[in-house]
Amino acid sequence: MNLHEYQSKALFAEYGIPIPEGRVAASVDEAAKAAEALGGPLWVVKAQVHAGGRGKAGGVKLAKSVEEVAEHAKGMLGRRLVTHQSGPDGLPIDRVYVESGSEIDRELYLSLVVDRASEKIAIMASAAGGMDIEEVAARTPEKISTVFLHPAAGLQPYQARQIAFGLGLEKAQQGQLHSILAKLVKLFADCDASLVEINPLIVTKSGEVVALDAKINVEDNALFRQQRLAGMRDVAQEDEKERRAHEHDLNYVSLDGNIACMVNGAGLAMGTMDLIKLHGGEPANFLDVGGGATAERVKEAFNIILTNDKVKAILVNIFGGIVRCDLIAEGVIAAVKEVHVGVPVVVRLEGTNVEKGRQLLADSGFDIVAAADLTDAARKAVELAGAAA
Ligand code: GDP
Ligand code: MN
């Protein structure tokens with residue numbers, strides 16, 4: 001789960017990590033009041049969306065008067081912001097963050113992530129801050145220094161020094177960085193974060209090290225014990241289909257293709273997507289209806305799949321180990337009956353009660369294409385989607 005910048009910065013403040021003073025605003029009026037309360041001479045108005053790259057997309061604007069703050073807020077609120085991370089439709093700007101402007105001497109990069117390979121928290125830092133870190137990592141990886149934290153020993157002073165040297169910090173800033181690092185490590189663990197990123201971490205003209213941007217991802221599997229953070233969820237920033245799927249305990253991820261998949265089991269779903277691609281098609285989604293797939297959930301899955309108007313065919317691939325194929329067939333038939341399914345449905349069933357399931361589909365009177373096996377199913381779905389496109 002992602003937090004907004006303003007939420008992340010509130011957490012930074014709680015942990016004593018220096019940030020510029022700022023206030024969140026949901027209206028132009030609130031933005032102007034926030035600017036007045038902060039006082040000038042310089043402000044920054046920042047669109048609060050779950051995507052980076054706002055600066056280049058017009059979502060971060062400097063203002064020299066309260067009127068200008070209001071103008072920028074007016075230009076942002078109620079619109080959608082498209083950045084290179086937001087997807088083509090962009091994300092809604094429901095709030096702006098109004099912040100006291102900083103005078104920047106240097107822009108640095110600093111992040112903490114869970115590194116799966118080493119099973120440790122990795123701290124990454126670079127003097128090439130402010131820009132796209134993925135690009136720095138791809139083109140000039142030597143500009144990023146990484147240290148790994150021992151799970152029991154935590155951050156060691158030599159590691160903090162190593163990062164400070166890598167960033168080329170002066171003596172006066174080294175101590176500030178060390179203190180920020182120690183607080184970040186504590187925040188990271190306390191919040192069950194999977195990522196904390198500060199880009200840029202700045203050195204101001206007066207020599208202060210300050211977090212100018214803030215991004216926190218909280219591990220979804222830990223939300224049950226992070227009630228306060230879970231309460232910060234902003235569903236308006238999330239994919240509507242993914243949110244609905246989550247409500248029904250379905251594992252759904254939106255993709256760009258036109259063949260919708262409904263599969264029981266994450267591994268089988270991955271395999272199904274691979275086969276679709278192997279046969280020249282593109283999956284429209286990943287969808288795992290889980291082991292306890294009921295007719296009701298199959299119906300809801302159809303509903304979610306069909307809200308994507310790119311879908312030209314649906315591939316249902318069920319292995320009846322725990323579930324019974326006849327139940328799934330009933331679910332498919334009920335869904336086709338109730339939901340208006342205007343695209344071909346290819347079904348591959350295998351496992352418990354498979355004969356009964358296939359018979360139900362054949363007798364249903366609906367145009368449901370039965371597939372002999374998974375390869376056959378993928379071929380048929382690709383062919384039908386191609387014909388409809
Ligand atoms: P992002 O583009 O979504 O990552 O948004 P950031 O919060 O990182 O802001 C983008 C850029 O705007 C920063 O790298 C800075 O160059 C600039 N910026 C943000 N806040 C200030 C500020 O207070 N003063 C100045 N001079 N520039 C700022
Ligand atoms: Mn940034």
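**Exercise 1. The loop at E119**

Task: In this predicted model, locate E119 and state whether this residue is buried or exposed.

Solution:
- Step 1. Find the element. E119 sits in the loop between strand 7 and strand 8 (120-126).
- Step 2. Read the backbone angle. Phi of E119 is near 55 degrees, a positive value in a residue other than glycine.
- Step 3. Set this against the general rule. Most residues other than glycine have a negative phi.
- Step 4. Check the accessibility. E119 has 68% relative accessibility, so the residue counts as exposed. The cut-off for exposed is over 50%.

**Exercise 2. A second positive phi**

Task: Where does D249 lie, and what is its phi?

Solution:
- Step 1. Place the residue. D249 is in the loop between helix 8 (240-247) and strand 13 (251-254).
- Step 2. Read phi. D249 has a positive value of about 60 degrees, although it is not a glycine.
- Step 3. Check the surface. The relative accessible area of D249 is 62%, so this residue is exposed.

**Exercise 3. Two cis peptide bonds**

Task: Find the elements that hold P41 and P200, and describe the peptide bond that leads into P41 and into P200.

Solution:
- Step 1. Start with P41. This proline is in the loop between helix 2 (28-38) and strand 2.
- Step 2. Look at its bond. The peptide bond from G40 to P41 is cis, with omega near 5 degrees.
- Step 3. Go on to P200. This proline belongs to strand 10.
- Step 4. Look at its bond. From N199 to P200 the peptide bond is cis, with omega near 10 degrees.
- Step 5. Recall the general rule. Most peptide bonds are trans.

**Exercise 4. The manganese site**

Task: Which protein atoms are donors of the manganese ion (ligand 2)? Which parts of the chain does the pair tie together?

Solution:
- Step 1. List the donors. They are N199 (O) and D213 (OD), 2.1 to 2.2 Å from the ion.
- Step 2. Place them. N199 lies in strand 10 (residues 193-204), and D213 lies in the loop between strand 11 (209-211) and strand 12 (215-218), so the pair links parts that are 14 residues apart in sequence.
- Step 3. Test N199 for burial. Its relative accessibility is 15%, so N199 counts as buried. The cut-off for buried is under 20%.

**Exercise 5. The shell around ligand 1**

Task: How many residues surround ligand 1, and which elements give two or more residues to the shell?

Solution:
- Step 1. Count the shell. Ligand 1 is surrounded by 16 residues; the closest are K46, R54, G55, S102 and E107.
- Step 2. Sort them by type. The shell holds six nonpolar, six polar and four charged residues.
- Step 3. Check the polar pairs. A polar side-chain atom of R54 is 2.7 Å from an oxygen atom of ligand 1. For a polar backbone atom of G55, the distance to a ligand 1 oxygen is 2.8 Å. A polar backbone atom of N199 lies 3.0 Å from an oxygen atom of ligand 1.
- Step 4. Gauge the cover. Ligand 1 alone exposes 570 Å², and the protein buries 81% of that.
- Step 5. Name the elements. Strand 2 (43-47), strand 3 (60-63), strand 7 (104-115) and strand 10 each give two or more residues.
- Step 6. Assign domains. Domain 1 (1-20 + 103-236) and domain 2 (21-101) each supply at least three residues of the shell.

**Exercise 6. The whole chain**

Task: Into which domains is the chain divided, and what separates the centres of domain 1 and domain 3?

Solution:
- Step 1. List the bounds. The chain has domain 1 (1-20 + 103-236), domain 2 (21-101) and domain 3 (239-388).
- Step 2. Take the centres over C-alpha atoms. Those of domain 1 and domain 3 are 41 Å apart.
- Step 3. Add the outline. The C-alpha atoms fill a box of roughly 80 × 50 × 40 Å along the principal axes.
- Step 4. Count elements. The chain has 13 helices and 18 strands.
- Step 5. Check burial. Of its 389 residues, 48% count as buried.

**Exercise 7. Two C-alpha distances**

Task: What distance separates the C-alpha atoms of A245 and A301, and of G101 and L181?

Solution:
- Step 1. Take A245, in helix 8. At 0% relative accessibility, this alanine counts as buried.
- Step 2. Read its pair. A245 and A301 are 56 residues apart along the chain, with 7.4 Å between their C-alpha atoms.
- Step 3. Take G101, in the loop between strand 6 (96-100) and strand 7. Its relative accessible area is 26%, so G101 is partly exposed.
- Step 4. Read its pair. G101 and L181 are 80 residues apart along the chain, and 23 Å separate their C-alpha atoms.

Terms used. Residues are numbered from 1 along each chain as its sequence is written. Chains are lettered from A and ligands numbered from 1 in the order in which they are written. This is a predicted model: local features need pLDDT of at least 70, side-chain atom pairs count only at pLDDT 80 or more; totals for chains, interfaces and linings use all residues. Side-chain values use heavy atoms; hydrogens and water are left out. Donors are N, O and S atoms within 2.8 Å of the metal (3.2 Å for Na, K and Ca); water is not among the atoms, so sites may look incomplete. Helices (H or I, at least four residues) and strands (E, at least two) are DSSP runs, numbered from the N terminus. Buried means under 20% relative accessible area, exposed over 50%, partly exposed in between (1.4 Å probe, protein chains only). Domain bounds come from an automatic or database domain assignment. A residue is near a molecule or strand if one of its heavy atoms lies within 4 Å of it. A polar contact is a pair of N or O atoms within 3.5 Å; within protein, one must be able to donate a hydrogen and the other to accept it, and residues adjacent in sequence count only if both atoms are side-chain atoms. Accessible areas come from the Shrake-Rupley method with a 1.4 Å probe; for residues, only the protein chains shown count as cover. Ala, Val, Leu, Ile, Met, Phe, Trp, Tyr, Cys and Pro count as nonpolar, Asp, Glu, Lys and Arg as charged, and the others, Gly among them, as polar.
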